[in-house]
Amino acid sequence: EILSKSTGKGTIDTNGLLTVEKIGTFVIQVTTEGTGVYKPAKSVEITLKVTPGTFPTGWDLKVEAAKGVYNGAEGYPAATIEYKSPGIPADARYEYQLAATKDSSTLLEDQWKSECPKIINATFDQYVFVKVITDNYESKVFRSNDPINIERREFTKDNVAVTVNPQTVVYNGKVRNSEIKVEVFENWSGSSGNKVDSTDYKILGWTDRDGNPVEELKDAGTYIVRLMGAKRNYWENVMDASFTINKCKLKSQMEGGPLDKVYDGTTNVTEEQKVLVTLSSDSGVPDFQDIHADQVKYAYRSADVGEHYIDATIITLAGDKVNNYELINETSSLKGVIKPRDFASMTVSAAPLTYNGTEQQPKINASVETGLEKVSPDAVFTYSKDGVNYQNEIPGFTEAGTYLVYVKASMANFNDEVRTVAVTVTPKESSSG
């Protein structure tokens, strides 16, 4: 009888034939039955140690080392078992070890792994060793014919995507290097889109569009970052990505005043009106030294009397940082007024009349001066006896006497001007007979 303290597994028949299923130490109890005059003998324990057999020469294992192109964190199993002899038990165990040698005698016993290792990084010189372990035979180590060959991947747009975050910002006068994050992501067909480890590439630096090196990303413009694959998992191709600092948008606004003037025949704004243009952005007013309106044309939209918008149109900008700004509106406006002007002078004279018994119209000479070089006088004169009711015709007089005539000068864009002139009708001289 095989006792439970045995480590081996098997059966024994009544003739003492031991059949071993699993090697180990067998503790067997032997008893003898009594017959005739013989009493049963005392039981005896026999210890039998069964050692592993030699690995069968007909058992074979073909190990195929991993081959492919770097596949990111997904990696590859170090090897696959391409063929296994049918005689190898189904419950056989396999252990794995990688080494840059073909000689299995140099393998370290504590380096065997119960699971097939995953190959993440590009590898060129590692052989795969597989130890086959069974219950009843000595283990045997098999080796792949070729080393693992995981090739580097091309560092190109078909395989990786370079991102710059943020990709665009607005100029604010500050250096933006610390705000920018340059990252690389897997981009080949079937990839998981994982972030590429920073050890797999290096940033060569920033340039402007013309390829000139740039240390500080500060002024408005588009900058190019260049990256090169590192030798670990990628070939040393060079890729680039862009980052843009947009110009700061400025709004112009006219301020100041007074916004009224007296008619002068032009659309010009006078110095006395003290209007000016200010510039501002969403973030505030830029320093004058950085940018300011250098030449501005101010003009009323009409030269005539009345309410008219005054337009302030920026002709040129100036400043140390003018190239970092973009003007949204060249022209800004405020409502202004042009007031009527007084005539510079008005002259009125009348020729005397002599009584003749009929109504006579005196000859009245009237003229005005505008006081403006480019505005010729074209006033319309009307006449009145009472200073209230005016008419186009000069009034007539019949009786001898002195009469006062009101003469009013009217002209577009000027205040009406009124002068009086005395008209004298002298009596007819009497004749002597």
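Counting ring pairs among Phe, Tyr and Trp gives 12 aromatic pairs in this predicted model. Let's look at two of them, then at a cluster and a couple of charges parked over rings.

Trp 59 and Tyr 137 make an edge-to-face pair. Trp 59 sits in the loop between β4 (41-50) and β5 (61-65), while Tyr 137 comes from the loop between β11 (127-133) and β12 (140-143), so the pair links distant parts of the chain, 78 residues apart. The two partners differ in how covered they are: Trp 59 counts as buried because its relative accessibility is 14%, whereas Tyr 137, at 33%, counts as partly exposed.

Next up is Tyr 171 with Tyr 325, also an edge-to-face pair. This one links distant parts of the chain too, with the residues 154 apart: Tyr 171 is in the loop between β15 (168-170) and β16 (181-186), and Tyr 325 is in strand β26 (residues 325-327). Tyr 171 is buried, with a relative accessible area of 5%, and Tyr 325 counts as buried as well, at 12%.

Here is the geometry of the two pairs:

| Pair | Centre to centre | Angle between planes |
|---|---|---|
| Trp 59 and Tyr 137 | 5.2 Å | 70 degrees |
| Tyr 171 and Tyr 325 | 5.5 Å | 80 degrees |

Why do both get the edge-to-face label? Because planes over 60 degrees apart count that way.

Aromatic rings also gather in a group here: Tyr 70, Phe 155, Trp 188, Tyr 201 and Tyr 234 form one cluster.

Then there are the charges. Arg 152 lies over the face of Trp 235, 4.9 Å from the ring centre. Over at Tyr 390, the charged end of Lys 408 sits above the ring, 4.4 Å from its centre.

Technical notes: Residues numbered from 1 in each chain as written. Predicted model: local features only at pLDDT ≥ 70, side-chain atom pairs only at ≥ 80, totals over all residues. Heavy atoms only, no water. Phe/Tyr/Trp six-rings, centres within 6.5 Å; stacked < 30°, edge-to-face > 60°. Helix = DSSP H or I, 4+ residues; strand = E, 2+ residues; numbered from the N terminus. Buried < 20%, exposed > 50% of the residue type's maximum accessible area, 1.4 Å probe, protein only. Lys NZ or Arg CZ within 6 Å of the ring centre and 35° of its normal.
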